[in-house]
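Morning, everyone. I'll take you through a few residues, one at a time. Have a look at the structure first.

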Amino acid sequence: MSKSIQNYIRENISVISKILFIYVVGLIIGIMLFVFTDINNGYVDIVKSVFDNSRLENFEGINIITNGIRNNIMYIAILYFSLITIIAPLIICFLILLKAIVTGIYICSIFTIFGFFKGIVVSFISIIIPVLFSLIGYIIICTNIISLFKCISQREKMDVKSMFIHLYYLVISISLISFSIVIEQLMTGVSLSMYANIL
C-alpha cells in the first residue's frame, strides 16, 4: 500500500469508518426486510424477470455498461448536489444506507432463486466483487463531499491545489465504479448460464 493511500486513510479514518458502518447497517436492514416482510416475493419476481429478459433477448453488454455508468454518474451528481443544502452529510448517509438496503435485498433474492451453494457463487462473482470496487469509489466520493461541506460551512477558501486533489480523487472514484460495472457485466454470462441450469 503506497504512502499516499495510507495517509488518505489515516486522515479520513473517522469518515470512512462511519460510511462502512452505515453500509453494513443498510445491508442488515435489507436482509431483515427480505426475511420478515412481504417484499421478498415481489423483488424475487423482478430479479427473475431481469434474468429471463437478459437470457431471451441477449442484451448487448456495451449498452448495459453504458447505462450502468450513466446511472452511477447521476447518483454521484445527486451526492454532490447535496452540498447546496445544510444537511449534506445526512443526505449522503441516507443515500448510502438506501443503496446498501437494496444490495441486501438483492443478495437475498439471488439466494432464493439459485439456492444456497449456487447463490454463494453468483453473489460472490456478480455482487460482492463489483460492490467492493464501487464501495471504495463511493467512500472516496463521500469523503470528498464531506470535506468540501466542512470547507463551505466554515467558509474556508480552497486553493487550486486542493481543487485538483478533489478532482483527482473524483476521477479515481468514477474509474473504480465504472470498473465494477464492467466486472459485473463480464460475470453476467456465468450467472445466466447457472440460471438456465436451474430452470
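Start with Ser134. At 12% relative accessibility, this serine counts as buried. Keep in mind that the model is predicted. Where does Ser134 sit? In helix H5, which covers residues 116–153. What does the Ser134 side chain reach? The backbone oxygen of Val131, at 3.1 Å. Setting aside neighbours within four places in sequence, Ser134 is in contact with three residues by name: Leu176, Ile177 and Ser180.

Next, Ile96. This one belongs to helix H4, residues 88–114. Is Ile96 buried or exposed? Buried, at 4% relative accessibility. Its contacts, again without neighbours within four places in sequence, include Ile19, Ile22 and Tyr23. Tyr75, Tyr138 and Cys142 are also in contact with Ile96. Now a distance along the chain. Ile96 and Ile113 are 17 residues apart in sequence. In space, their C-alpha atoms are 26 Å apart.

That contact list named a cysteine, so on to disulfides. How many does the structure hold? Zero. Take Cys93: the nearest cysteine sulfur belongs to Cys142 and is 8.0 Å away. Why is that no disulfide? Because the two sulfur atoms would have to be within 2.5 Å. From the other side, Cys142 is in no disulfide either, and its nearest cysteine sulfur is that of Cys93.

How accessible are these two cysteines? Cys93 is partly exposed, with a relative accessible area of 30%. Cys142 is buried, at 0%.

That's my set. Questions, please.

Notes: Residues are numbered from 1 along each chain as its sequence is written. This is a predicted model: local features need pLDDT of at least 70, side-chain atom pairs count only at pLDDT 80 or more; totals for chains, interfaces and linings use all residues. Side-chain values use heavy atoms; hydrogens and water are left out. Buried means under 20% relative accessible area, exposed over 50%, partly exposed in between (1.4 Å probe, protein chains only). Helices (H or I, at least four residues) and strands (E, at least two) are DSSP runs, numbered from the N terminus. Contact means heavy atoms within 4.5 Å. A polar contact is a pair of N or O atoms within 3.5 Å; within protein, one must be able to donate a hydrogen and the other to accept it, and residues adjacent in sequence count only if both atoms are side-chain atoms.
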